[in-house]
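Trainee: I should like to learn how terms such as pocket, cavity and core are justified. May we take a structure and reason through them?

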Amino acid sequence: MNEDLLQYIWNFKKFKNLNFSTTDGQSLEVLDFGTWNINSGPDFLMAKIKVDNLVFIGNIEFHVRSSDWLLHQHSGNPDFENLILHVVYAEDVILEEFKNKKIPTLILKDYIDEALLWRYQEMQKQQSFVPCEQLFHPSAIPLQWEEELLLQKLEDKCEQYLPSLEKSKNDYEALLFQQLAYSFGLKVNAEILLQMAEAIDFRIVSKIQNEPNLLEALFYGMCGELDSPTDEVTQLWRRDFDFLKSKFQLPTLSFKLKYSKLRPPNFPNIRLSQLANLYFSHHHLFSIFIEKGNIIEIKKVLSSVTAHEYWDSHFVFGKKSSKSYPKKLSENFINLVLLNCVLPIQYFYRKDQEEETVSNIIEKYKEVAPEKNSILTQWENLGLVFQNGMHTQAFLYLYKSFCIQKKCLNCGIGFQLLKNV
């Protein structure tokens, strides 16, 4: 049992009966259950109750045990002055404070609908893909739930971007560079490439943007990939990095890249070369990707990106591969960059400037094809059909932020499944 579940039961009146009695044996009639308060303060506001024919209007506080009132240090808090009822699952101590103020206590344990309690407990015990796997059906998805989830995800992204933007003194180009690096790292190397990008003053990237070899040397050197050059090309990159390190007083750092569990085209050395080519081929990316923000134009730019010709015949430094071909960005990878980097930054940049930002960004997500990964496959096994990037982003966020943490009462789907008991 937890407070969230108690509040849920109260809000949706999931009781066996409403013949309530207080711990003092007084009859209790709830005339208005109040408004569920998701902010600080009492849990339900402006409720109305009748205790032995006397009507009271005010707030209600919920706890699993009566002693939680003391544990949460509510005594003396002015936010709880207008309390008319204390609702608990069980009473483990008698609170003299409530007796003195004549505030009644209601024990809910004997009034709760056991079917709802059983279903909730079963969902919490599940070790399957999602807690509600045995109960889930696409019909349980609330209307516009995907849009709501996507907006929650975008707001979370905005919170993540703020410190980086402040650190770069409101340089949005630097923020875009960092987030592009994160996206090019994919799941395995995302954090490593983000740290690399944060360690590089973006003004350095701007100064050497016309020299693709210098850009690659900078990225490889910062990641420790040039410590032992193996052929003529890598030796040149090492020489260029030594020059850059001396000229710009680069920090001595080494972010060890990971290659295991990756398909060769996704190796981080190739992704870094493609990132360098992107900045060499297209200056002022923030204007193209964020300010103008046309999906077709952005895809066109990303589709033109290719790795250094060295990687035509290599997947790792110093070792030629049996096949030779240009390493361009795939359509799936381009969609990932759009969904996880470009569109979130567009939202971050525009949300306080333009009233139509929300609807415009959602429509752009709908223009992007759905992603494919193991999590989404498991959702599909439960009957979901993903039409576009908005759907996949929403359910990836749902899984990460709600399902894994078993926040069923905060989830619109879990809410519906419990509500229909």
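Trainee: Which residues line the second largest cavity?

Mentor: Please bear in mind that this is a predicted model. The second largest cavity is lined by Trp69, His74, Gly76, Asn77, Phe80, Glu81, Leu83, Glu97, Phe98, Lys101 and Ile103. Helix α3, residues 96–101, gives the most to this lining, with three residues.

Trainee: What makes these residues part of the lining?

Mentor: A lining residue must have an atom within 4 Å of a point of the space. The residues just named line the second largest cavity, and therefore each has an atom within 4 Å of one of its points.

Trainee: How is that lining divided by class, and what makes a residue such as Gly76 polar?

Mentor: The lining of the second largest cavity has five nonpolar, three polar and three charged residues. Gly is counted among the polar residues, so Gly76 belongs to that class.

Trainee: How many cavities does the structure hold, and what volume has the largest?

Mentor: There are two cavities of 30 Å³ or more. The largest has a volume of about 90 Å³, and the second largest about 50 Å³. Of the 14 residues lining the largest cavity, Pro131, Cys132, Cys403, Cys408 and Cys411 are the closest to its centre. The elements that give two or more residues to this lining are α17 and α18 (412–419), and α17 gives the most, with three. By class, the lining comprises eleven nonpolar, one polar and two charged residues.

Trainee: Why is the space of about 1,600 Å³ called a pocket and not a cavity?

Mentor: A probe of 1.4 Å cannot get out of a cavity, whereas a pocket is an open set of points. The space of about 1,600 Å³ is the largest pocket, and therefore it is open. Its lining has 44 residues, and the closest to its centre are Leu186, Lys187, Leu336, Asn340 and Asn373. Among the elements that give two or more residues to this lining are α5 (145–167), α7 (186–199) and α14 (331–350). The classes here are 18 nonpolar, 14 polar and twelve charged residues.

Trainee: What makes the buried residues of α16 lie on the same side of that helix?

Mentor: Ile375, Leu376 and Trp379 are buried in α16. They cover an arc of only 95° around the axis, and therefore they lie on the same side of α16. Ser374 and Asn381 are exposed on the other side. The buried residues of α16 pack against α17.

Trainee: How do you know that Phe289 is buried, and with which residues is it in contact?

Mentor: Buried means under 20% relative accessible area. In helix α12, residues 285–292, Phe289 is buried, as are Leu285, Phe286, Ile288 and Ile290, so each of them falls under 20%. Leaving aside neighbours within four places in sequence, Phe289 is in contact with Leu176, Leu180, Leu278, Ile298, Val301, Leu302, Val342 and Gln346. What covers the buried residues of α12 includes α6, α11, α13 and α14.

Trainee: To which core does Phe289 belong?

Mentor: Phe289 is in the largest nonpolar core, of 79 residues, where Phe289 and Leu180 have the most contacts. Helix α14 supplies the largest share of this core, twelve residues. A second, separate core of 57 residues includes Trp145, Leu376, Ala394 and Leu417.

Notes. Residues numbered from 1 in each chain as written. Predicted model: local features only at pLDDT ≥ 70, side-chain atom pairs only at ≥ 80, totals over all residues. Heavy atoms only, no water. 1 Å grid on protein atoms, 1.4 Å probe; cavity = no way out; pocket = protein on both sides within 12 Å on 5 of 7 lines; lining within 4 Å. Points joined across faces, edges and corners; volume = space filled by probe spheres on them. Helix = DSSP H or I, 4+ residues; strand = E, 2+ residues; numbered from the N terminus. Core = buried A, V, L, I, M, F, W, Y, C linked by side-chain atoms within 4.5 Å. Buried < 20%, exposed > 50% of the residue type's maximum accessible area, 1.4 Å probe, protein only. Contact = heavy atoms within 4.5 Å. Arc of directions from axis to C-beta.
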